[in-house]
Amino acid sequence: MRRSVSPLRRLPQVLVVVAASAAALAPPGDAAAFLWPNVPEQIARALTSGDVSERRLAATRVGELAPETAIQLIQKGMSDPDVEVRLHLAGAAVRFRMPRAGDLVIEWLGEGDARLRLAACDVIRAAPTDRSVVALGRVLGDPDPHVRLAAAAAMGAAGLPDAVSPLLGHLDDTAPEVRAEVARALGRIGDTRAVVPLIGKVQDSVPEVRRATARALGELGDARAVSALILALQDASPDVRVEAVTALGRLRSDDATSAIADVVAASPGAFPGSRPADSGTSSNDVREAALRALGRIGSDAAVRVLLAALAKDDPAAPRSAVRDALVSAGKQSATVPALIAALAAAPSANTAAGAALVLGELKADGGLPAIVRGMQRGVVPLRHGLRALGALGDPAALPSVLELLGDADPSVRREAIRAATALLDPARPDGRAVDPARALLVDPATPHDEKLALVQLLGRTGSPRAQEVLLPLAKARSAPLRLAVIEALGAARAAGKLGASVDAALLEALDDESADVRLRAAVSLSRVAGPGSARALLQRLTVAAEQDRGALGIALSGALSRVADDAKDGRDKGLVQDVAAAIASAPDAARDALIEGLGRMPGQAAGAALAGMAAAAPIDDRRKIAESLAGHAAHAGAAAALRKLAGDADPGVRANAIWSLGAVGEGDALPLLPPLLEDPDAAVAGNAAGAIGRIAARAGQPARAAAALCGALSDARPYVRANALAGLTVARARCDGAAARDLLARDPAEAVRLAAADHLAQGGADADRRALARCASEDRNATVAVRCAHAAPPRAPASGAEDVVVFVVPFDAGRDGVARDAPAPRAPFALVRADGLMRLGVADRRGELFERGAPRGPIRLAVPAPLVK
C-alpha cells in the first residue's frame, strides 16, 4: 500500500484510502485517566469533609467522573460555604451541560464575590432556565462590567423574550463592551421590539458597538433598519461597513442596492478617516461583502451591478466573489436571462467569460446554446467557455467540446479534454470521443501530460472501442501512463471476449513488482471483473504470497459482487460454498477479504452462509461478519443474526452489528435499539442512534425516531449527541423546543455543532435561520462557521449510493518513532458519511472497513470515539 495523504482521498468509486494521525489510532485506554471503582466514593466522601482543602481537591476531580455520578455530587456541593469549591463545581456543571443547573446558582447572583457572580452567569449560559435567565436582569446593573457583560451574553444565548426589556434598559451602559454585548444579545433573541432602540446605537462613539448593532439589525430582519444601515455604509471603520452591508443583504431590500453598488465601485481609501492598520478588515473585504449582499438581494438592479463588476473580475481564478454572488442571485431571480442577454451583446472578454462560467455553475436551461454561440462569435474566450460547458454537465455539449480537442493552443486543448471528461459517464457508453482522442493519443507530438488526460477521457467513454485502444497500452513502459491505463480499464465493464481480455490484462498486472500497479489493478478489477474471474481470484488469494493478499482481496470482493443470484445459476451456489470453505482454512490476512466477499455477493446462499457462521466464529471474524451482513437485507436470517450479534460481549462486534442492522432492519427492529443508546461503549451507542434514524426513515416513522433520539441529545458523549441529531435529520424528525439551536450555540464538540447545522437547515423556521446566521458569523471554528453559512438539507436517497472500501493509514510516526505507511489493523475509526451519519467502530485485520450503500458525496474521517471528550 502506498502512503496516502490527508484529508480523505477517494480512489475510483469503491476504494477510499484514509490518512489518520497516529494519535487517532491510540488504544481507548489513552483517552482518559483510569479510575479505580472506589474513586467516586472517595471523592463523594471528600466533598463532605470538614477540611476545606480536602473538599477543594475533591471538587477539582469531579470532572473526571462519569456524568451521572458527577451531576449528583455537583447538586449536593453547590451550596458549599467555600467559594473555591463552588467555583470548581460550577466549572464541572458547565462541562457536563448539567440540566437545569441555572436554577442552582440563582442565589449566587447576589453574592459579594464577583467570581461567583461571573460563574453563575456562565452556568446559566450553559444550562439556562426561564427563572434563572429572568434573574440575570438584576445583574445587568452590577458594579463589575465583566459581570454585566457575562449576564448580557447569557441572556442572549438563552433567547428568552422576557430578557428583551431588561436588555433594552442597558443599551446605554457606560462600558462599551457591555453595550456591544447587549446589542448582540438583542439580535440573538430576535424580538423586533429592539429595532428602534438599536437604530439609535448605529451612531455610537465606539466602532465595536456600531458593528454589533449593525449585525443585530440584520439578524432582526426588519425593514425599518434599512435607512440607518445605509448611513452606516459610510462609517470610518471597515468592520462596521462589512456588518452594515451584510445586514442589508440579509434584509434583501432593493432600496439599498444603489448604496451597495457605490461600495462595490469605491476604490481603496474612499472613506476619509479610516485607518486600515486598526483592523484586519481591508477595503477588499468590504467589497466582497457588498457583492455577497447584492447576490442575496437578487433583484434586477442588483444583477445589473454584478454583471458590470464582471468586467474587472479574473475569469481564470477558480472562485470569485462576483461569480459566487451571481450564482446566489440566480437561484431567486431573473439572473439567467440577464446572463444570456449579456452573451448575446458585445461584452468585454472578462464579462463574457464570467457570464458563461456562472451559467455553467447554475446548470442553466438555455445556457448551452448561449455559451456555444458566444464561443463561435469569439465573444467568450475558448478556454473559459470550455470550462463553463464542463460545469454545465449537458452531454449535448460534447460535440462542441470535441471540436477543440486538437486546438493549437495548449491551454484550450487541456480544457477541452477536462470538459469532455466531465461530460462523459461510463454508465452511459458514448463512443463519440473515441476517434479524436485516439488520434491525439497516438500522435508523437502530443505532450505526455495530455496523453495521461486522454487515457482518462477514453476510460470515461465506457465504449468497447475505447478499451480496444487502451488494452495494448496496459504494458506501457511509462509508469504514469500504465497506471492511467489500468485505471481507465476499470471505468466500465466490457462485454464478451473484450471483457475477458480486460480481466486478463488486469489479472496479469496483479503480479507486477510495483505495489502501485497491483493496487490500481485490484481497484479496477473490483469494479469490472466478471464472475468468471472470481474463481481465479479466489484460488490466487488462498495461495498467494503475503504481500499480494491485500490487492487480491480488494479485487475478489468486487468480483463477487457481480456474481449472479444462486437462484438463477446453480453454479454460483457452489462458488458460495467454495468461499465459505476457504474461510475456515485461510490465514488472517485473507479471512476478512473472503468474509467481505460473501457480504457483497448477491443471493440467499451468501447471506445464509454468513448468518450460519456468525455464532461460532472468533471475535475478529464476528466483527467482519456483522459488518458484511449489511449486504443481505433480503435474507431472512441476516436480521436475526444481527440481533444476536448486537448483544455480543465484544463492543466492536456490537458496533458493527448495530450499524448493519440500521441498513437491513425494518420497523420491528426499532424496539431493540433505544436501550443500546446507553451502552457504555460510545461506538455502540453512537451507531445505535444512527441505526434508529435510518430504520425510521425507511419505515416512514419520524415520531418513533424522535421518541428514541431526543433524549440522547443530552448524552455526555459527543458522538452520541452528534449521531442522534443526524439520525433525526435523516428520519425528518424534530424534537420539541429549541434543543438543536441550543446545541449549535453552546455544545463544545465540533461534530455536534456540524450535525446541528445540518438539522436546522432541514427545518426552515425563522428561528432556525437566525441560529444558522449567528453561527456563521460567530462560531470560532471555521469548519462549523462555513457549514452554517452554507447549510443545506442532506442529499435525498435518490442521489444514489455506492459501496466504499476504506483503509485507515497513519501518515505520521507512531509511538516508537517509526513512520507507518500501511493500514493499521483494528484501528478505531469514525467515518462521517455524506448524509451526516457517523459510523463508529474498529477496522478489520487489514486496517479496512467496508461501507455498504454509502450515500454519494464526500466522506471523511473524524477523531475516533475513544479519544473524544
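Strands here are DSSP runs of E at least two residues long, numbered from the N terminus. With that in hand, we can place Arg845: this residue is found in the loop between β5 and β6, the latter spanning 848–855. Keep in mind as we go that this is a predicted model.

How confident is the prediction? The mean pLDDT of the protein chain is 88, with 90% of its residues at 70 or more. Two stretches deserve some caution. Over residues 17–34 the pLDDT is below 50, although the model gives this stretch 48 contacts beyond near neighbours in sequence. Residues 271–277 also have pLDDT below 50, and that stretch has nine such contacts. Where pLDDT is low, the predicted coordinates shouldn't be read in detail.

Let's start the tour at strand β4, residues 828–832. Five of its five residues are buried, so β4 is largely enclosed by the rest of the structure. In a regular strand the side chains alternate between the two faces of the sheet. Here both faces are covered: Pro828, Ala830 and Val832 are buried on one side, and Phe829 and Leu831 on the other.

What does β4 pair with? One partner is β5 (residues 838–842), joined in the antiparallel sense over five bridges, with Pro828 standing opposite Val842. Five residues lie between the strands of this hairpin, and among them Gly836 takes a positive phi near 90 degrees. β4 also pairs with β7 (residues 860–862), again antiparallel, over three bridges. In that pairing Leu831 stands opposite Leu861.

Now back to the loop that follows β5, and to Arg845. Is Arg845 buried or exposed? With a relative accessible area of 13%, Arg845 falls under the 20% cut-off, so this residue is buried. Which side chains does the arginine side chain meet in polar contacts? Asp592 is one, at 2.8 Å, and Asp621 is another, at 2.5 Å. Leaving aside neighbours within four places in sequence, the residues in contact with Arg845 also include Asp588, Ile595, Pro825 and Arg826.

Arg845 has one more role in this picture, as part of a cavity lining. There are four cavities of 30 Å³ or more, and the largest has a volume of about 90 Å³. Among the residues lining that largest cavity are Arg845, Asp592, Asn656 and Val842. The elements giving two or more residues to the lining are α35 (619–628) and β6, and α35 gives the most, with four residues.

Conventions
Residues numbered from 1 in each chain as written. Predicted model: local features only at pLDDT ≥ 70, side-chain atom pairs only at ≥ 80, totals over all residues. Heavy atoms only, no water. Buried < 20%, exposed > 50% of the residue type's maximum accessible area, 1.4 Å probe, protein only. Pairing = 2+ DSSP bridges. pLDDT = per-residue confidence, 0-100. Contact = heavy atoms within 4.5 Å. Polar contact = N/O pair within 3.5 Å; in protein donor to acceptor, adjacent residues only side chain to side chain. 1 Å grid on protein atoms, 1.4 Å probe; cavity = no way out; pocket = protein on both sides within 12 Å on 5 of 7 lines; lining within 4 Å. Points joined across faces, edges and corners; volume = space filled by probe spheres on them.
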